[in-house]
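Colleague: Could you walk me through this one? I would like to start with how the strands pair.

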Amino acid sequence: MRNNVLSLLLIFISCSNINGQEKEKFSQFKNHISTNLLLPVFESFDISYERTIANKWAIGLAGALYGNRGEELNTSYDNYDYHTKFELMPFARIYFQGAQNKSHFIEIFGSLSKVEERGRIIRSTNEFGYGVYNIGVKDYTVGGLGTGYGYRFLFLERKLVVEAQIGLRTNFNIDFILLNVAAVRTGIKVGYRF
Amino acid sequence: MNIMYKLILVVICFTFIGCFSYDDNGFEDIRLTIEDSFIFENTRDYKVGDTVIFELKFSRYMEEEGYINLLDLYETTNEKQFGYSFGVSKYSDFSKRFESLTIDPQFLIAQQSDSFNYYSYHNHNTIAILNEAQDAYISKVGIIMVENGRFKLDFENVYLVNGNRSFIDDKIHISIKHSLINHTASDFEFNVIE
């Protein structure tokens, strides 16, 4: 019996040492870059930089370039040919199990995007100085907000990041926010922490 | 947990942001106004069998709010005609007010077009046609008076449009509202006697 107790104690101490070694072994990475593997399917590309600012909090900036199939990320159909060309997304995340661990997270992000709408009515001046409307392409910048949920896995001494995320964004100039959602931060992301 | 509630609140707020944005995805009409453009030389007293004549004239080049140069209606729409409707009413001793009339086409001398079968405030649809000089749209209308009484032409709530609205067309639609500024409704009243 006494031997058994001693054995259990030794095992417990060993485990504690292992945990202690783990804590020492893994560095505290504060920077993180990643890209969404789903976006190339839609002829698009994004890159995110994230900085850990507190135990559970991180902030970052993401940029995305959208190709012609990028419109398929929109969940609704509009009369107009509405195409987001590129987008900047500052974001903030909370990691519920801590920013240095694999964890569930919730994200809130802003959006500033360059939008091109084909089929819009554009006013111009003709050679005689009169105003004339034509159907053409209208470029403008639009703001938006989004939110997302995901889970982050860590590999290779917590340097390699794999995330599964759902992130939806809407633009301010479109009515009925729920019907005009774009899944711009949805997919599987891989990244590197340093 | 407090922060979770705050996050949920923010996400819910996102949902309603779109309600405060303007409707950018509806029909895009170009809205213009003209004033006192009906010319009616009212002699006040007519006889049964007389023809009451009025004319509508407005320039091809129109002022548009927010722009310093005039808008070229013809180059914008490529339409040589604008449709509109007017009203005719007759005073009723029964109701002690003017009641709207529908005039049989045989008593109406006006140019009409099947392509202007749109909803309107008034009963009588007709068109204004680009003149030979191509600088103004003109409509001349005659009404053969076949009964006596006290009559009134109604030129309020008159909208001129370039064709019918369609979900699938790629036309530029212009709507021109006519307003009476220096005239009153009584300026268009007249009597018809046997």
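Modeller: Before the pairing itself, a word on terms: two strands count as paired if DSSP finds at least two bridges between them. Please also keep in mind that this is a predicted model.

Colleague: Fine. Which residue in β4(A) is the bridge partner of I59(A)?

Modeller: The partner of I59(A) in β4(A) is A92(A), and the two strands involved, β3(A) and β4(A), the latter covering residues 81–95, pair in the antiparallel sense over 9 bridges.

Colleague: And what about β2(A) and β3(A), how many bridges join them?

Modeller: There are 8 bridges between β2(A), which spans residues 45–52, and β3(A), and these strands run antiparallel. One of the residues involved is R51(A), whose bridge partner in β3(A) is I59(A). The two strands form a hairpin, with 4 residues between them.

Colleague: Staying with β3(A), which side chains point to the buried face?

Modeller: The side chains alternate along residues 57–65: A58(A), G60(A), A62(A) and A64(A) point to one face and are buried, whereas W57(A), I59(A), L61(A), G63(A) and L65(A) point to the other face and are not buried.

Colleague: Stepping back, what is the order of helix and strands along chain A?

Modeller: Chain A has 1 helix and 8 strands, and read along the sequence they follow the pattern α-β-β-β-β-β-β-β-β. Of its 194 residues, 29% count as buried. If you take the contacts in chain A between residues at least 6 apart in sequence, 55% of them join residues at least 24 apart.

Colleague: Changing topic, where does I166(A) sit?

Modeller: I166(A) is in strand β7(A), residues 160–171. Leaving aside residues up to four places away in sequence, I166(A) touches G148(A), Y149(A), G150(A) and T186(A). The C-alpha atoms of I166(A) and Y151(A) are 9.5 Å apart, with 15 residues of sequence separation.

Colleague: Why does I166(A) count as partly exposed?

Modeller: It has 13 C-beta neighbours inside 10 Å, so I166(A) counts as partly exposed; the buried class begins at 20 such neighbours, while 12 or fewer would make a residue exposed.

Colleague: Last one, what is the mean pLDDT of chain B?

Modeller: The mean for chain B is 84, with 80% of its residues reaching 70 or more. Over residues 21–26 of chain B, however, the pLDDT is below 50, and that stretch has 12 contacts in the model beyond near neighbours in sequence. As for the model as a whole, the scores are ipTM 0.78 and pTM 0.64.

Key:
Residues numbered from 1 in each chain as written. Chains lettered and ligands numbered in written order. pLDDT = per-residue confidence, 0-100. Contact = placed C-beta atoms within 7 Å.
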